[in-house]
Amino acid sequence: MARSVTTRHKVTATIAAWIVALVIFFPILYTLITSIKTEPEAIAGFSLIPSGTFENYVTVQTQRDYLKPFMNSVVLSVGSTILALIIAIPAAWAMAFSPTKRTKDILMWMLSTKMMPAVAVLVPIYLMFRDFGLLDSRIGLTVMLTLINLPIVVWMLYTYFREIPGEILEAARMDGAGLWQEIVYVLTPMAVPGIASTLLLNVILAWNESFWTIRLTTTNAAPLTAFIASFSSPQGLFWAKLSAASTMAIAPILILGWFSQKQLVRGLTFGAVK
Amino acid sequence: MATQNTRTLARLMMAPSVLLLLVWMIVPLAMTLWFSFQNYNLLNPANVSFTGLFNYRFFYTDPAFFQSIWNTLMIVGGVLLITVIGGIAIALLLDQPIFGQGIVRILVISPFFVMPPVAALIWKNMIMHPGYGVLADINKALGFQPVDWFAQYPLLAIIIIVAWQWLPFATLILLTALQSLDSEQKEAAEMDGANFLNRFIYLTLPHLARAITVVILIQTIFLLGVYAEILVTTNGGPGYASTNLAFLIYRTALLGYDVGGASAGGIIAVILANIVAFFLMRAVGRNLDR
């Protein structure tokens, strides 16, 4: 049946939704605007019209070497995600295609490791990192981020792999496909979307991780989270520069995030909401 | 029948993940437990001795400890209240037919992707700053005194910042759940003369119950460990007014060099998290059986 939606209803809902959306988005929008103001403009009171200078971006790069923490963020988030995928893909594969009675228990146990509060192991991890010379090293932090996100990666891959019908393998085998052909032509194309989604969500999570990345680094391996946290004690006029640094820190991941809405729901609810 | 072979292969494929997580879970936790019974200060590392439950007594008698537990619960409770109620309201709104739905969704979801230190600094300086913040500008325009958020209401300020970060998450999950509600059911209820409120209470809310549970539990795990937001805004102060358990442990360990005391606090944090985890595992586990 055609439930006619009156135009008035749609217009009212539209106005309300846009107001809510703009209020929620406002802090980000205002940061973006402030980043292209001059410093005196930035503290001159509320204004949505900037003079449009890109000076702040240049200053952040020349004075604070923005590129270095940016590259650290890229290396850490992508590196830890790929490492986690290499470890997790076989595990998720085995659990999805040859499940045993204990598969569910193993999955639940993996999830439970995610619930260990980071502060609870801050002391031993910090001391171990110190003793092994891993403080402020990319390698140490990459391993850390891999371990933190491994349970989520296994879980996400598992929920995707589980949806690949097992019958299709049998059909391929009946048609005379060997194991290699089976993997290359049948399984891989079906598994790639799930792996890509997992990669995307995990890069976002690793990029934004703000406990270990701040505590275990100082300068050399410090990613954007630590870089930005160092702005918390300002000197002089810095509103516009802070905005420029913030914009550069969040822009790449914000754009990635817009493409990941569906995966986000699925990945972070462990398949409980789809 | 390659069952025996397959099973061995499956075990081998799972082994790296399982072993890594096993080590990751047991070794640091065992060390924390061990340290929690030691008198161990980083400034005096030669003098480590067994003290039994002394570290726990220290936490038990320290007023900062009780305040931090209270603050932890306030942050978790306050943020949950705002995000769940706000999330339901916004999800209901976005579920309506509107112009530019895709863009609206993108705007609403965005705060979730902002890294915690950036979110905290934006709010601290651009929005809540008593001199130059937008809220101060609004107050001045209306003829009121600007509020010094982080001095007067530090905990509330942190709750607002964290809620802003998690509201998109709640909204997105609840919206996804809403969209799976059978539209024929809605129409049937409408035809039977059920008004909006009745439809919401008897149809929508029961349908959302599971998603709401998931939102509450997952957020609680992350909210128990709020850290960066406190670090860059109030640094736990004034006094201990905005110190939560996670921040207190950090302070004890890395600013006070007290390994034993911090470890005892860590064990208490584990116990708190386990209580939450118990319920979450039940909710997620039930879903696996379906």
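Before we start, one definition: a helix axis here is a line fitted to C-alpha atoms over the stretch in contact, and angles run from 0 to 180 degrees between N-to-C directions. Keep that in mind, and hello everyone! What I'm showing you today is a predicted model.

With that definition in hand, let's go to a place where the two chains meet. Look for helix 1 of chain A, residues 7-34, and helix 3 of chain B, residues 63-94. Their axes come within 9 Å and cross at roughly 135°. That angle makes helix 1 of chain A oblique to helix 3 of chain B. As for the hand of this crossing, it is left-handed.

Which residues make this contact? On helix 1 of chain A, they are A:Ala13, A:Ala16, A:Ala17 and A:Val20. Helix 3 of chain B brings B:Ile90, B:Leu93 and B:Leu94. If you sort the residues of this contact by class, you get seven nonpolar, no polar and no charged.

Now a second pair of helices. Please find helix 12 of chain A, residues 239-258, and helix 5 of chain B, residues 116-127. Their axes lie 10 Å apart, and the packing angle is about 155°. Angles over 145 degrees count as roughly antiparallel, and helix 12 of chain A and helix 5 of chain B are therefore roughly antiparallel to each other. This crossing, between helix 12 of chain A and helix 5 of chain B, is left-handed.

Who takes part here? From helix 12 of chain A we have A:Trp239, A:Leu242, A:Ser246, A:Ala249 and A:Ile250. Across from them, helix 5 of chain B supplies B:Val118, B:Leu121, B:Ile122 and B:Asn125. By class, that contact has seven nonpolar residues, two polar and no charged.

Let's step back to the whole contact between the chains. How many residues does each chain give? Chain A gives 82 and chain B gives 81. On the chain A side, the largest share comes from helix 1, with 16 residues. That side of chain A divides into 63 nonpolar, 16 polar and three charged residues.

Next, the chains themselves, beginning with chain A. Chain A has 13 helices and zero strands. Its C-alpha trace spans about 75 × 70 × 35 Å along the principal axes. For 274 residues, a compact globule would have a radius of gyration near 19 Å, while chain A comes out at 23 Å.

Chain A is also split into two domains. Domain 1 takes in residues 1-64 together with 233-251, and domain 2 covers 67-223. Over C-alpha atoms, the centres of the two domains are 34 Å apart.

And chain B? Its secondary structure comes to 13 helices and two strands. The globule rule gives 19 Å for 290 residues, and the radius of gyration of chain B, 24 Å, is well over that, so chain B is more spread out than a compact globule. Along the principal axes, the C-alpha atoms of chain B fill a box of roughly 80 × 75 × 30 Å.

That's the tour, and thanks for listening!

How values were computed:
Residues are numbered from 1 along each chain as its sequence is written. Chains are lettered from A and ligands numbered from 1 in the order in which they are written. This is a predicted model: local features need pLDDT of at least 70, side-chain atom pairs count only at pLDDT 80 or more; totals for chains, interfaces and linings use all residues. Domain bounds come from an automatic or database domain assignment. Helices (H or I, at least four residues) and strands (E, at least two) are DSSP runs, numbered from the N terminus. Angles under 35 degrees count as roughly parallel, over 145 as roughly antiparallel, 65 to 115 as roughly perpendicular and the rest as oblique. A crossing is left-handed if the near helix is turned anticlockwise from the far one by less than a right angle, and right-handed if clockwise. Two residues are in contact if their C-beta atoms, placed from the backbone, lie within 7 Å. Ala, Val, Leu, Ile, Met, Phe, Trp, Tyr, Cys and Pro count as nonpolar, Asp, Glu, Lys and Arg as charged, and the others, Gly among them, as polar. The radius of gyration is taken over C-alpha atoms; the globule rule is 2.2 Å times the number of residues to the power 0.38.
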